[in-house]
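Open the structure in your viewer and keep the selection panel at hand. The stops below go from one chain to its parts, and then to the pair of chains.

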There are 2 protein chains.
Amino acid sequence: MPIKIHPVILCGGSGTRLWPVSRKDKPKPFLPLVGDRTLFEEALERASDTELFAPPMVVAGERHADLVEAQIGESCGHTIIVEPAPRNTAPAIALAAALLEPDDVMLVCPSDHHIADTDAFRAAAKAAAELASRDWLVSFGIAPTHPETGYGYLKRGESLPGGYRIDTFVEKPDRERAERYVAGGEHSWNGGIFAFRAGRLLDELEAHRGEMARLVRESVARGRREDSRFLPASAPFVAIEGDSIDYAVMEKTARAAMVPVDMGWSDIGNWAALKDALGSESDEAGNVARGPVDLDGCSDVLALSDGPRISVVGLEDVVIVVSGEEVLVTTREGAQRVGKLPGASSQ
Amino acid sequence: MPIKIHPVILCGGSGTRLWPVSRKDKPKPFLPLVGDRTLFEEALERASDTELFAPPMVVAGERHADLVEAQIGESCGHTIIVEPAPRNTAPAIALAAALLEPDDVMLVCPSDHHIADTDAFRAAAKAAAELASRDWLVSFGIAPTHPETGYGYLKRGESLPGGYRIDTFVEKPDRERAERYVAGGEHSWNGGIFAFRAGRLLDELEAHRGEMARLVRESVARGRREDSRFLPASAPFVAIEGDSIDYAVMEKTARAAMVPVDMGWSDIGNWAALKDALGSESDEAGNVARGPVDLDGCSDVLALSDGPRISVVGLEDVVIVVSGEEVLVTTREGAQRVGKLPGASSQ
């Protein structure tokens, strides 16, 4: 019988880059950005095959626990781990690991990504789980489609069954290096999807970030269950010095591996990325409209409204978003700066 | 003692080109588009010097009579002529003429224009009134600042005291001809500002559009006063076949004259024209903002909001208007097509 994979769905993030639709109270994972389902619902659905996956664990802040519950709908045997405070990904993942059996294999999935090809995701999940069960710490290595300078890259090393050792972790490169990586074929994007054996992950955390491991253990030991929720003890968790799983473990372990995957992945990191992900909804001029929108002589325009009508004349390659009492108009270039706008940062 | 000029302020127009701010219920004249005062208030103010001007007559539709009254504020001895139906400028002007004494000189002023230089306006008004008192039918000939293809042009003929005969009326020219007109110096824009001796105007109307003249006379004879309002009889007025004063009289009379004037005139015919008229309010990058607006890396952007915040990133030379439940985004080119948008034409 094949191993069952324990999906660990992370619902963090402050939701400023897709402002004003994404807000702190209802960030990106909980919005139906692509298609009718939210990104969180898509993440659940991808891991819903009970042949392959155990019931999901969801790590979310208290502010979003009710949203998570509502979008899960009927119980699927899930657990919601309510983070007492945001402490980045390493403590969040370690909480889940500490609630699993040491030999359980966990698949860490951010919930703010869109993945077009579910079959490719599942195949990679199986390969990653196999490696994880042999005590590799496995990252999905996403086939880069363009020389993105906003992501970290993984350079593949020697071959492993179903994957590769990771030779190097590359921080966000400059444009020139990113172009070489895409052309060279040895680098993948680090998309934040990981497979671990729970016990091994905790051992590695103990080795590299002992204090964090101790505080996570204490949070779990002193935590309590309430129906489907697990509430870690607040005091020790809040005392953790937060860090990403990449810095805390992946870049330090001797057993970092990667599974290459090409699955139509997008982190929908800004409005331009969403427009690209919505390509299939566009009209013949490349426009995508949601809500009451009138376009005259426009091309490559993304216009979204939650109520007021948007009328656009003669524009090209811009994004217009009307949400609540906010109106955003940005170019593709400008989309990267949306999170820094007064409206986005002062929520 | 110099003649007193009777200002006749026309408040017609359907207000679609500056939609969504300008609406049928509150069109362009009644909006504070440039500065703090509405264009109608500016028109009143320009003709408020009692040394030079008699109390104003305002011609407006019933729909706007209360707005007119409210923006006039305290009575200044004005008369509001309430048009029973819109029949273009010739009948509107003739109504006012019929209520004046034959030797009164009237100055017809549209209320949807902005004039930056009031002194130049007054000087031209005096010159035009002088010519009108000698039975010339006088148009302001506005110094063209660019090869506009949306206006009619006046070609000057032989010299008159303070002005010229009009040699030719030119319909909206094509671009090439407009460029020649601007370069040549013999052509002016026909801005819709006229001076007439009231009796002469009615005589000319009688000669060229006898039926219109008769129906206007009948509307006035059977009309009635109510406080400051004059209500022409509806039945004869509605029966008029509407026409502009240009077609009905100016292009037919043998005594058409013009007074050249350079007074910072704009008809604010679309959003791009308003942006130009607001040039003095712009920041160093040429942006003009009204209401809650955040701009990042923008130039030559006009952003107006009546409530919701507008955030703009990386745009150049666009107009963004938020008004009521409508959001408009247009380029300079596109501004000419705003009146044809579903939102503007279906009010």
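**Stop one: a single chain**

Select chain A and switch on the cartoon: it has 11 helices and 19 strands (DSSP runs, numbered from the N terminus, with helices being H or I of at least four residues and strands E of at least two). The model is predicted, so local features need pLDDT of at least 70 and side-chain atom pairs count only at pLDDT 80 or more, while totals for chains, interfaces and linings use all residues. Residues are numbered from 1 along each chain as its sequence is written, and chains are lettered from A and ligands numbered from 1 in the order in which they are written.

Still on chain A, its C-alpha atoms fill a box of roughly 60 × 50 × 40 Å along the principal axes.

**Stop two: the two domains**

Colour residues 5-266 of chain A as domain 1 and 271-345 as domain 2; such bounds come from an automatic or database domain assignment. Their C-alpha centres lie 30 Å apart. Where they meet, 10 residues of domain 1 of chain A are in contact with 18 residues of domain 2 of chain A (contact: C-beta atoms, placed from the backbone, within 7 Å).

**Stop three: the second chain**

Now show chain B as well. A turn of 179° and a shift of 0.0 Å along the axis lay chain B on chain A with an RMSD of 0.1 Å (least squares on the C-alpha atoms of residues with pLDDT of at least 70 in both). That is the relation of a two-fold axis. Of the interface residues of chain B, 100% are also interface residues in chain A, so the copies meet through the same surface.

Technical notes. Two residues are in contact if their C-beta atoms, placed from the backbone, lie within 7 Å.
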